[in-house]
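Biologist: Please take me through the assignments in this model. I should like each label set against its criterion.

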Amino acid sequence: IAICEGDAELAAHFLASSLWQLAESEFEVGALDTAESHLRRAITLMRANADADDDLPRALNALATLHARAGHLGKAVEALEEAHARYAAAHGERPLECAQVRSDIATVLLRSDQFTEAAQVMEEALDVLREVAGTSHPAYARALHDFGRIQLDLGNVPRARACLEESTAAL
């Protein structure tokens with residue numbers, strides 16, 4: 001890339017960004033294998049350049065979404081766990097991004113019928129979201145709704161109802 005001449009780090013950043021965009025376009029048309037290939041190349045470049053910003057965790061989150069859509073829930077959880085670890089290392093354990101990733105992990109666990117584990121992870125995410133974003137934040141309402149669904153799957157109807165009513169009131 002001509003504007004990056006002499007700046008390998010900037011060139012790698014632009015290449016990773018382009019690969020990520022290609023991955024998103026392939027994902028949208030259902031070409032999951034091609035999307036994964038582009039996204040993995042982008043993530044490899046980001047890791048090699050030690051991107052200090054939040055691009056790498058966001059790319060890992062995108063990879064998790066791709067894996068979940070393809071039905072590879074174990075791989076989705078692995079990518080989300082790494083994204084969470086990187087957000088936590090950069091920003092501490094309690095930021096909004098960490099809580100949202102934990103909520104995403106719980107959702108994947110729920111899809112793989114790991115209800116007890118999903119409930120535990122979602123409850124942790126809810127605690128952080130409540131503290132960091134407040135009970136009127138859309139991410140809190142979504143996580144509370146998902147926690148209510150988990151409670152239904154666990155057979156805890158009164159708690160599920162309370163969560164679902166509270167999530168509706170938060171919106």
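Modeller: At 14% relative accessibility, aspartate 55 counts as buried. The model is predicted: local features need pLDDT of at least 70, side-chain atom pairs count only at pLDDT 80 or more, and totals for chains, interfaces and linings use all residues. Residues are numbered from 1 along each chain as its sequence is written, and side-chain values use heavy atoms, with hydrogens and water left out.

Biologist: Why is aspartate 55 called buried?

Modeller: Buried means under 20% relative accessible area, exposed over 50%, and partly exposed in between (1.4 Å probe, protein chains only). Aspartate 55 has 14%, so the label buried applies.

Biologist: What makes the pair arginine 102 and glutamate 124 a salt bridge?

Modeller: The term requires a side-chain nitrogen of Lys or Arg within 4 Å of a carboxyl oxygen of Asp or Glu. Here the N to O distance is 3.0 Å, so the pair qualifies. Arginine 102 lies in helix α5 (residues 96-111) and glutamate 124 in helix α6 (residues 115-132), so the pair ties together parts that are 22 residues apart in sequence. Helices are DSSP runs (H or I, at least four residues), numbered from the N terminus.

Biologist: Why do arginine 102 and glutamate 124 carry the labels buried and partly exposed?

Modeller: Arginine 102 is buried because its relative accessibility is 15%; glutamate 124 is partly exposed because its relative accessible area is 34%.

Biologist: How do you know that aspartate 146 and arginine 142 form a salt bridge?

Modeller: Their closest N and O atoms are 3.7 Å apart, so the criterion is met. Both belong to a salt-bridge network that also includes Asp104 and Arg149.

Note on methods. Helices (H or I, at least four residues) and strands (E, at least two) are DSSP runs, numbered from the N terminus.
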